[in-house]
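Visitor: I would like to go through this model with a guide. Please keep the answers short.

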Amino acid sequence: MRKNKSANKKSNIFIVLVVILAILLVSSRTCRLTRRNLNPGKSEITSESFHQQNPDSSTIKKEEPMPEVSQPDKNILLGKITGSQRDSMLSPVERRYANRDGMFMHRDAYHAFLKMHEAAKADGVELIIVSAFRDFNHQARIWNNKWNGRQVLSGNIYATDIASPVERAREILRFSAMPGTSRHHWGTDIDLNSLNNRYFESGRGKREYEWLRENASKFGFCQPYTPKGSRRESGYEEEKWHWSYIPVSAPWLNFYRQQISYDDIKGFDGWETARLLNVVERYVLSVNEECMNP
Ligand SMILES: [Zn+2]
């Protein structure tokens with residue numbers, strides 16, 4: 001009996017030890033997993049180190065989680081925004097950051113701009129917004145004024161001197177988007193300091209442009225309309241003043257590609273030319289590659 005009792009005691013102690021060991025093992029593993037979940041970038045091989053070892057692994061890059069950007073209403077992409085959508089999506093731009101009152105930007109883009117503005121200022125560069133959010137009607141006024149010769153085009157040309165509607169639209173499209181196709185509809189894109197490329201080629205303008213080229217990406221901004229050439233074959237001419245907030249505008253460009261058809265692009269003078277000129281493929285989607293990857 002005594003012998004049995006002590007054997008039982010021993011086996012009980014053994015079971016207790018095994019259970020404690022199991023609990024310790026499970027809890028240390030859970031701890032490790034939790035830590036990894038909290039710091040997804042701290043896994044054994046970070047995507048960064050992978051890219052350093054494999055600079056051409058662009059396909060892998062797509063597996064990195066996309067930032068959470070919800071799909072906007074189709075009308076928002078077209079600049080046809082309601083009052084309540086305006087209130088929830090846009091922030092008023094403070095007068096001291098702009099050359100006039102009454103401008104608005106997408107909230108996220110505005111917050112990023114404020115940080116960029118501060119950094120630029122510390123380097124002696126003043127960034128002033130000269131155009132930000134524009135809705136469909138605003139863009140239609142710009143477009144129709146050019147279409148009807150009320151406003152002269154670059155190169156001192158009047159669109160009304162061009163008889164062919166397609167050629168007339170093509171000339172306006174060198175620097176102006178058709179209503180419904182402008183990135184300014186999204187509030188993510190801004191024009192800075194001057195609407196003239198030459199301004200950015202010397203003196204203060206040159207310093208401002210060089211600062212933006214060097215630093216804008218740190219704040220999420222890119223220049224969508226770089227010089228046309230092998231990397232950007234069609235679309236608008238170069239615009240050194242136009243900058244876009246990539247974390248929102250890149251996914252929105254994708255949504256635009258998926259959701260908008262030529263039946264959606266109408267309601268302004270010469271709208272029929274949009275399809276004939278493949279405006280979505282040749283203009284909207286023809287942007288600097290940097291602006292396509294959030
Ligand atoms: Zn612009």
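The questions below deal with a metal site, a core and a charged residue in a predicted model.

Visitor: Which protein residues are the donors of the zinc ion?
Guide: The donor atoms lie 2.1 to 2.8 Å from the zinc ion. Along the chain they follow the spacing H-x6-D-x50-H. D191 is listed with OD twice, and the histidines give NE2 and ND1 respectively, so the residues are H184, D191 and H242.

Visitor: Why is the arrangement around the zinc ion irregular?
Guide: Four donors count as tetrahedral if all angles lie between 85 and 135 degrees. The angles subtended here do not keep to that range, which makes the arrangement irregular: they run from 51 to 150°.

Visitor: How many residues apart in sequence are the parts that H184 and H242 tie together?
Guide: H184 is in the loop between α8 (165-172) and β4 (189-192). H242 belongs to strand β6 (residues 242-245). Both histidines are buried. The parts they tie together are separated in sequence by 58 residues.

Visitor: Which helix gives the largest share of the largest nonpolar core?
Guide: That core has 68 residues, and I190 and F221 are among those with the most contacts inside it. Leaving aside neighbours within four places in sequence, I190 is in contact with residues including F221, H184 and H242. The largest share of the core is seven residues, from helix α10 (residues 246-259).

Visitor: How far from E238 is the nearest side chain of opposite charge?
Guide: E238 lies in the loop between β5 (221-222) and β6. E238 is buried and has no salt bridge, for which the cut-off is 4 Å. The nearest side chain of opposite charge is K240, at 4.2 Å.

How values were computed: Residues are numbered from 1 along each chain as its sequence is written. This is a predicted model: local features need pLDDT of at least 70, side-chain atom pairs count only at pLDDT 80 or more; totals for chains, interfaces and linings use all residues. Side-chain values use heavy atoms; hydrogens and water are left out. Donors are N, O and S atoms within 2.8 Å of the metal (3.2 Å for Na, K and Ca); water is not among the atoms, so sites may look incomplete. Four donors count as tetrahedral if all angles lie between 85 and 135 degrees; four count as square planar and six as octahedral if opposite donors are over 155 degrees apart and all others between 65 and 115; anything else is irregular. Helices (H or I, at least four residues) and strands (E, at least two) are DSSP runs, numbered from the N terminus. Buried means under 20% relative accessible area, exposed over 50%, partly exposed in between (1.4 Å probe, protein chains only). A nonpolar core is a set of buried Ala, Val, Leu, Ile, Met, Phe, Trp, Tyr and Cys residues joined through side-chain atoms within 4.5 Å. Contact means heavy atoms within 4.5 Å. Lys and Arg count as positive and Asp and Glu as negative; His and the chain ends are not counted.
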